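User: Please take me through this model in questions and answers. Keep to what can be computed from the atoms.

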Amino acid sequence: MPSFYITSFRSACGEDELFFISHQEEKRVVGYSTDQEPFVKEFEFDRPGNKTSHLAVSPEYIVAVAKSSLIFYNRVTQKTVVHTLGRQPGQVHFDNTNCLLVSSVGFIKKYRIKNVVDDPVELWCCDVNNSPCSVTTMENGLVIAAHKDALYVISEQGKLLLFTHNTSRSKLSQQLVP
């Protein structure tokens, strides 16, 4: 059995698919169908290498982080397009409206993807103190982002609602943002 060095993986919600970045396969993003055994490789595409990376998966797109860019793979047309953001993106996540959330140093942005050729359309930007290492959404549209010792709750419209942080190991501080 081959060994793998995988930096990120995602499973498409409600789908029998698995996506990951394999460094044994020349830094390629690979997708497998898991609805039958053995698993069937559905696709793979190159991404410029950097040590850590993140993936976001929607029914139409797979997005991989690469340096200061996002790589969009259109699952329908099987085309890949690179969009430069100007800053190193951190975590990426598709919300329940298929908009893309991107965390970076000092902010979280929400983008609408019209098509893979056009640049993503920025819907909002929420300033945060740190670079969140994870971002997700709840069914009601709230965005939850976390950093080592901070938690951010952001409205669907991009307004920071709650900022919670550890000021010391024994004390937790919360700030409701007006």
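**Strands, cores and one loop residue**

User: Which residue is the bridge partner of V57 in β6?

Analyst: The model is predicted, so local features need pLDDT of at least 70 and side-chain atom pairs pLDDT 80 or more, while totals for chains, interfaces and linings use all residues. Residues are numbered from 1 along each chain as its sequence is written, and side-chain values use heavy atoms, without hydrogens or water. Strands here are DSSP runs of E, at least two residues long, numbered from the N terminus. In β6, V57 has as its bridge partner I62.

User: How many bridges join β5 to β6?

Analyst: Two strands count as paired if DSSP finds at least two bridges between them. β6 covers residues 61–66 and runs antiparallel to β5. The number of bridges joining β5 to β6 is three.

User: Which are the edge strands of the open sheet with the order β5-β6-β7-β8?

Analyst: This sheet has four strands with antiparallel pairing. An edge strand pairs on one side only. The edge strands are β5 (55–57) and β8 (80–84).

User: In the open sheet with the order β9-β10-β11-β12, what is the bridge partner of S104 in β11?

Analyst: This sheet also has four strands and antiparallel pairing, with β9 (92–94) and β12 (121–127) at its edges. Five bridges join β10 (residues 100–104) to β11 (residues 107–112). In β11, S104 is partnered by F107.

User: Which strand gives the most to the largest nonpolar core?

Analyst: A nonpolar core is a set of buried Ala, Val, Leu, Ile, Met, Phe, Trp, Tyr and Cys residues joined through side-chain atoms within 4.5 Å; buried means under 20% relative accessible area (1.4 Å probe, protein chains only), exposed over 50%, and partly exposed in between. The largest one has 13 residues, and I154 is among those with the most contacts inside it. At least two residues each come from β12, β14 (143–147), β15 (150–154) and β16 (160–168). With three residues, the strand giving the most is β15.

User: Is N129 buried or exposed?

Analyst: N129 lies in the loop between β12 and β13 (134–137). Its relative accessibility is 57%, which is why N129 counts as exposed.

User: With which residues is N129 in contact, leaving aside its neighbours within four places in sequence?

Analyst: Contact means heavy atoms within 4.5 Å. Once neighbours within four places in sequence are set aside, the residues in contact with N129 are Y152 and F163.
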